[in-house]
Amino acid sequence: MLTGKNIVLGVTGGIAAYKAADVVSRLKKQGANVYVIMTENSTQFVSALTFQSLSQNYVVTDMFEDPKTWDVEHISLAKRADLFLIVPATANIIGKIANGIADDMLTTTVMATIAPVFFALAMNTKMYENPIFQSNVKRLEHFGYHMILPGAGRLACGDVGAGKLAEPEVIVQAVLDHFNTPKPLLGKKVLVTAGPTREAIDPVRYITNHSSGKMGYAIATEAHKMGAEVILVSGPTQLSPPNGVKFVSVESTADMYQAVMENLDVDAIIKAAAPADYRISIYSEEKIKKSDEEMLLKLAKNPDILKEVGKLKTHQILVGFAAETHNVEVYAKKKLVEKNLDFIVANDVTKEGAGFNGDTNVVTLFDKDGSKTAFDCLEKSEVAKIILEKVISKM
Ligand code: PMT
């Protein structure tokens, strides 16, 4: 139920605007207070009276009309909202908000709120696939806005493909899920590291490893969903930063060391990254030319970030990973003690479904209290939840 929740529903000018009426009706049945803001274009598709009758609240359509209350209307709604929902969200509204344009009641209100904002996307398939639109969506996701993705089907314009507004029950379910997800990490700060690091040899070459960042990004995503303020320090990956996390991009182990040291004032530190243990002793400013002879690269030891954090830690729950190919238990337990960890997540990277790159992992958790818990092959998001639940139990 959504009893007592204040939901501001923005309606924009798309053919699917009529479905927003069904969404309002469903939200009301769940007990929500619904306040509708319509863009001028949307009034061409559905009348304000429809939304006024369904929401039982005055519908705002133009920011320059006489205020119905003494309060500045857009600031008042922005403050009152527990959640913003834009149905349908056209390419136009996405483009405006992604680029900071606030030129009507809806855009100014969305930009003035700190409430979560959900966009239920709907548009022509070609518009949906347009890289400009997709990059605007990524930009908004980066800033923590939520997308309710469209389905595929035959659109009003006759095209067949992605762009069809999600069904009203799916949209309302996304709102219910948002409010019903437990937030055991609310008020807690979590630092996560992810991905590989790169150690430059010369301007064109580097040493790295197979880490994709998926394990660390999954932990950051789940921690954010559980209500934590998340800092994700990531080496170079192909992944987009998860919604709503503070993202710190790094290149080398030395960069990662610095970023971690600057962010130690947190409640938990989870080091899923695979930082390179060695860097090149002497970086060549110029491209090294090949010769017929054997070439030797001299390596220097990088700092062990986790070990250094283990020395400095006070109240933080410290979690390490161990990526091993043999003697998993022995090496994991050694790292647990040497790095002063609360627990370590060991993965045998030679196992089917475990370790680098894939969407799954096979892990065993070794606790400093001596306990050991092994898990079957699970999605990395599930592994992330298990790790975070253990962190929570230790807080
Ligand atoms: O990124 P994915 O493709 O999803 O793959 C996931 C993973 C295999 C990278 C992940 O599950 C994992 O095991 N991460 C740790 C990889 C690693 O560096 O393991 P290690 O045993 O060498 O290091 C032990 C711990 O010390 C790790 O927590 C590591 O982050 C940390 N470390 C290592 C070296 C170093 N110089 N500084 C560190 O802090």
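Reader: In what order do the 5 strands of the open sheet stand?

Author: In this predicted model, 5 strands form an open sheet, and their pairing is parallel. Strands of a sheet pair through backbone hydrogen bonds, either parallel or antiparallel. The order of the strands is S2-S1-S3-S4-S5.

Reader: Which strands stand at the edges of this sheet, each with a single partner strand?

Author: A strand at an edge has a single partner, so one side of it is left without a neighbour in the sheet. From one strand to the next, the twist averages 20°. The two edge strands are S2 (33-38) and S5 (146-148).

Reader: Which residue of S2 is the bridge partner of Asn6?

Author: Strand S1 covers residues 6-11 and runs parallel to S2. These two strands are joined by 6 bridges. In S2, the bridge partner of Asn6 is Asn33.

Reader: What angle does the direction of helix H1 make with that of S1?

Author: Helix H1, made of residues 17-29, packs on the sheet. The strands that H1 touches are S1, S2 and S3 (83-89). Its direction makes with that of S1 an angle of about 170°.

Reader: Across which strands does helix H2 lie?

Author: Helix H2 comprises residues 48-55. Its direction runs at about 170° to S2. The strands across which H2 lies are S1 and S2.

Reader: How many helices and strands does the protein have, and what share of its residues counts as buried?

Author: The secondary structure comes to 13 helices and 21 strands. The C-alpha atoms fill a box of roughly 75 × 55 × 40 Å along the principal axes. Of the 395 residues, the share that counts as buried is 48%.

Reader: Is Asp367 buried or exposed?

Author: Asp367 has its place in strand S19, residues 363-367. Its relative accessible area is 4%. A residue counts as buried under 20%, so Asp367 is buried.

Reader: Which residues does Asp367 touch, not counting residues up to four places away in sequence?

Author: Residues up to four places away in sequence are left out of this list. The residues that Asp367 touches are Leu336, Asp342, Phe343, Lys390 and Lys394.

Reader: How far apart in space are Asp367 and Ile37, C-alpha to C-alpha?

Author: In sequence, Asp367 and Ile37 are 330 residues apart. In space, their C-alpha to C-alpha distance is 52 Å.

Reader: How far apart are the mean positions of the positive and negative charges?

Author: The protein has 43 positive and 46 negative charges. A mean position is taken for the positive charges and another for the negative ones. The distance between these mean positions is 3 Å.

Terms used:
Residues numbered from 1 in each chain as written. Predicted model: local features only at pLDDT ≥ 70, side-chain atom pairs only at ≥ 80, totals over all residues. Heavy atoms only, no water. Pairing = 2+ DSSP bridges. Helix = DSSP H or I, 4+ residues; strand = E, 2+ residues; numbered from the N terminus. Axes fitted to C-alpha atoms, helices over the stretch in contact; angles between N-to-C directions. Contact = heavy atoms within 4.5 Å. Buried < 20%, exposed > 50% of the residue type's maximum accessible area, 1.4 Å probe, protein only. Lys, Arg positive; Asp, Glu negative; His and termini not counted. Charge placed at Lys NZ, Arg CZ, Asp CG, Glu CD.
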